[in-house]
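Work through the exercises below with the model open. Try each task before reading its solution.

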Amino acid sequence: MSVGPRQILLLGSEASGVYTGVTTGTSQPIDTRGFDELLFTFESVGTTSGGTLLIEEASRKDYTGTWSQIASVSASTFTGTVQLAYHISPNAYAYVRVRISSTVTGGGKVLVFLDQQGR
């Protein structure tokens, strides 16, 4: 099955083309089966001097235990309206999410997008 590319806003919100970042939270689980290329884009809205975001995986979306860590990203590495792209290819995950494990500090907020592309 071929699946076309798609982009999902994982953390933050959008209303009428205006994006609002967050300092805490966990995204919804995203089914990545059928996609072999994943691109997580971390974007700061203002100064992000601290905080940690985790890319995590689990075998099912309703898993309530500790999810497996794929990567850890420090919010200070993409501060001041900078984007940080994190590519994962090939992908063999079932469900992924992004979780802010340590609150984003410095006065700014973050947005996280996931771009998926099919086989």
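## Exercise 1: The core

The largest nonpolar core holds 23 residues, and those with the most contacts inside it are Leu10, Phe40, Phe42, Leu53 and Val98. The model is a predicted one.

**Task.** Find which strands each supply at least two residues of this core.

**Solution.** Step 1: take the strands β1 (6-11), β6 and β7 (50-58); each supplies at least two core residues. Step 2: add β8, β10 (95-105) and β11, which also supply at least two each. Step 3: set this against the general trend. In soluble globular proteins, nonpolar side chains tend to be buried together.

## Exercise 2: Phe42

**Task.** Classify Phe42 as buried or exposed, then state which residues it touches beyond four places in sequence.

**Solution.** Step 1: the relative accessibility of Phe42 is 0%. Buried means under 20%, so Phe42 counts as buried. Step 2: leave out residues up to four places away in sequence. Phe42 then touches Leu53, Ile55, Val73, Phe78, Val82, Gln83, Leu84, Tyr86, Val98, Leu111 and Val112. Step 3: Leu53 and Val98 in that list are also among the residues with the most contacts inside the core.

## Exercise 3: Aromatic pairs

**Task.** State how many aromatic pairs the structure holds, and classify the geometry of each pair.

**Solution.** Step 1: the structure holds two aromatic pairs. Step 2: take Tyr19 and Phe113. Their ring centres are 5.6 Å apart and their planes meet at 70°, so this pair is edge-to-face. Tyr19 sits in strand β3 (residues 18-20) and Phe113 in strand β11 (residues 109-118), so the pair links distant parts of the chain, 94 residues apart. Step 3: check burial. Tyr19 is partly exposed at 41% relative accessible area, whereas Phe113 is buried at 9%.

Step 4: turn to Phe42 and Phe78. This pair is tilted, with 5.8 Å from centre to centre and 45° between the planes. Phe42 lies in strand β6 (residues 35-45) and Phe78 in the loop between β8 and β9 (83-88), so the pair ties together parts 36 residues apart in sequence. Phe78 is buried, with a relative accessible area of 0%.

## Exercise 4: Ala71

**Task.** Place Ala71 in its strand and find its contacts outside its sequence neighbourhood.

**Solution.** Step 1: Ala71 is in strand β8 (residues 68-74). Step 2: with a relative accessible area of 5%, Ala71 is buried. Step 3: setting aside neighbours within four places in sequence, Ala71 contacts Leu53, Leu54, Ile55 and Tyr86. Step 4: take Ile55 from that list. Ala71 and Ile55 are 16 residues apart along the chain, and their C-alpha atoms are separated by 5.2 Å.

## Exercise 5: Partners of β10

**Task.** Determine how β4, β5 and β7 pair with β10.

**Solution.** Step 1: β4 pairs with β10 in the antiparallel sense over two bridges. Thr26 has Arg99 in β10 as its bridge partner. Step 2: β5 and β10 run antiparallel and are joined by two bridges. Ile30 has Val96 in β10 as its bridge partner. Step 3: β7 and β10 run antiparallel, joined by eight bridges. Glu57 also has Val96 in β10 as its bridge partner.

Step 4: inspect the loop between β4 (25-26) and β5 (30-31), where Ser27 lies. Ser27 is buried at 5% relative accessible area. Beyond its neighbours within four places in sequence, Ser27 contacts Leu10, Leu11, Arg97 and Val98. Step 5: follow Arg97. Arg97 lies over the face of Trp67, 4.2 Å from the ring centre.

Terms used: Residues are numbered from 1 along each chain as its sequence is written. This is a predicted model: local features need pLDDT of at least 70, side-chain atom pairs count only at pLDDT 80 or more; totals for chains, interfaces and linings use all residues. Side-chain values use heavy atoms; hydrogens and water are left out. Helices (H or I, at least four residues) and strands (E, at least two) are DSSP runs, numbered from the N terminus. Buried means under 20% relative accessible area, exposed over 50%, partly exposed in between (1.4 Å probe, protein chains only). Contact means heavy atoms within 4.5 Å. Rings of Phe, Tyr and Trp (its six-membered ring) pair if their centres lie within 6.5 Å; planes under 30 degrees apart count as stacked, over 60 as edge-to-face and the rest as tilted. A charge sits over a ring if NZ of Lys or CZ of Arg is within 6 Å of the ring centre and within 35 degrees of the ring normal. A nonpolar core is a set of buried Ala, Val, Leu, Ile, Met, Phe, Trp, Tyr and Cys residues joined through side-chain atoms within 4.5 Å. Two strands pair if DSSP finds at least two bridges between them.
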